[in-house]
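Biologist: Could you take a close look at one part of this chain for me, and then show me how the rest of the model fits around it? I would be glad of a connected account rather than a list.

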Amino acid sequence: MDVSLANFIQQVFSNPALFVTTLLTLGVIFVNGWTDAPNAIATCVTTRCIRVRSAVIMAAIFNFLGVFIMTQLNASVASTISNMVDFGGDTNAALIALCAALFSIVVYSVGASLLGIPTSESHSLIAGLSGAAIAIQGGIGGINMGEWVKVLYGLVASLLFGFAIGWLVCKVVTLICAGMDRRRTNGFFTYAQIVGAAAMSFMHGAQDGQKFIGVLFLGMAFCNGQPSVVGVTIPVWLMILCSTIMGVGTSVGGERIIKSVGQDMVKLEKYQGFSADLSSALCLLVMTVLGIPVSTTHTKTSAIMGVGAVRRISAINFGVVRDMMLTWVFTFPGCGLISFVMAKLFMVVF
């Protein structure tokens, strides 16, 4: 399969389905950078270590680096996404179904973000691809359970590991700094938390950027008459394109989501914000290396809960946690159903 940039551009302008797929994929990447970036920098901003605009610029830069660098070092997350579903041998119909999946992700993600609720584009993507695959294959035969089960692992791991590592890191920091002067430690953690937020932004790009690179790469394969991307190497220009779009999306920011994640759920001090950023970045690094797609929202939120639990369980606003959990629960059936219906409709119309 020819994966050169020149061939891709030619195909985009000669194949309407690939053109729409590319626009939708880049749109989803943009929305992801817009809505998920606040999760990476929320604690850093709300503990007043850095101003909102500066934090957004920093997140944009490190999102770009995360997508570009980690995809070259380890593209296993992109591979998992590309091989998670089977759209069948008819690559033209598969490309149409992929359009429907991406359309459902945009609709679902934008609708939720306008309400100021953190969304999981990762789960929206997985639900959208699954719904479209079921529609085109006429049943669950379109789901590759060997790859899809990694999603279940990631769902559980991001919650448990995020909470546990968040609690552990914060507990260790608390014990180490117990006898130290608070003014000196606050000065240190002001800068340490900025570094932690940068690491979180880097790993957000590494995780979520790879997911959408996998989708666009799959669309390219369909356009070339190949039902899968097994054995094909992701081109560098595709990494640069996706990382740039995510960085631009991040620059838009999202102060409402920053408030929801960083202030309403649990009130954090600087050392706690550092602990939350470091622990969530570590969790994402492990999951990325293992090729397990996880939600950066899930991971960061559970890390914040773990940090808050060190002080006392009552420090956590479970009302906000409940609302987030309900949003996550509705993502799979909601986005999956939209994708299923749109895939059926698109195949009839086109």
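**A buried aspartate and the helices around it**

Modeller: Happy to. Let us begin with Asp277, which has a relative accessible area of 0% and is therefore buried, since the cut-off for that word is under 20%. Please keep in mind that this is a predicted model. Asp277 sits in helix H11, and its side chain makes a polar contact of 2.9 Å with the side chain of Lys300. Lys300 also appears among the residues that Asp277 touches once neighbours within four places in sequence are set aside; the others are Ala40, Thr43, Cys44, Gln193, Gly196, Ala197 and Met200. Of the helices that supply these partners, H2 spans residues 16-46 and H8 spans residues 182-223.

Staying with H11, we can turn to its packing against H7. Two packed helices are described by the angle between their axes and the distance between the axes. For H7 (residues 145-176) and H11 (residues 270-290), the axes come within 8 Å and cross at roughly 140°. The two are therefore oblique to each other, because an angle has to be over 145 degrees to count as roughly antiparallel. The crossing of this pair is right-handed. On the H7 side, the contact is made by Ala157, Phe161, Gly162, Ile165, Gly166, Val169, Cys170, Val173 and Thr174. H11 contributes Tyr271, Gln272, Phe274, Ser275, Leu278, Ser279, Cys283 and Met287. Sorted by class, the residues of this contact are 11 nonpolar and six polar, with no charged ones.

H7 also carries Val151, a residue that is buried with a relative accessible area of 2%. Beyond its neighbours within four places in sequence, Val151 is in contact with Met84, Ile126, Pro293 and Phe332. The C-alpha atoms of Val151 and Ser295 are separated by 9.5 Å, although these residues are 144 apart along the chain.

Ile126 leads us to H6, which covers residues 121-137. The axes of H6 and H8 come within 10 Å and cross at roughly 20°. That angle is under 35 degrees, so H6 is roughly parallel to H8. H6 passes H8 in a left-handed crossing. Here Glu121, Ser122, Leu125 and Leu129 of H6 meet Asp208, Lys211, Phe212 and Val215 of H8. By class, this contact has four nonpolar, one polar and three charged residues, whereas the contact of H7 with H11 has no charged residues.

One more place deserves a look, back towards the start of the chain. Asn15 lies in the loop between helix H1 (5-14) and helix H2 (16-46). At 19% relative accessibility, Asn15 is under the 20% cut-off and so counts as buried. The side chain of Asn15 reaches the backbone nitrogen of Ala17 at 3.0 Å. Farther along the sequence, beyond four places, Asn15 is in contact with Leu95 and Cys223.

Finally, here is the whole chain. There are 13 helices and zero strands, so to speak of its elements from the N terminus on is to list one α after another. Buried residues make up 58% of the 350 residues. Among contacts between residues at least 6 apart in sequence, 88% join residues at least 24 apart. The contact of Asp277 with Ala40 and that of Val151 with Phe332 are good places to start when you look through the model.

How values were computed. Residues numbered from 1 in each chain as written. Predicted model: local features only at pLDDT ≥ 70, side-chain atom pairs only at ≥ 80, totals over all residues. Heavy atoms only, no water. Axes fitted to C-alpha atoms, helices over the stretch in contact; angles between N-to-C directions. Helix = DSSP H or I, 4+ residues; strand = E, 2+ residues; numbered from the N terminus. Parallel < 35°, antiparallel > 145°, perpendicular 65-115°, else oblique. Left-handed = near helix turned anticlockwise from the far one by under 90°. Contact = heavy atoms within 4.5 Å. Nonpolar A, V, L, I, M, F, W, Y, C, P; charged D, E, K, R; others polar. Buried < 20%, exposed > 50% of the residue type's maximum accessible area, 1.4 Å probe, protein only. Polar contact = N/O pair within 3.5 Å; in protein donor to acceptor, adjacent residues only side chain to side chain.
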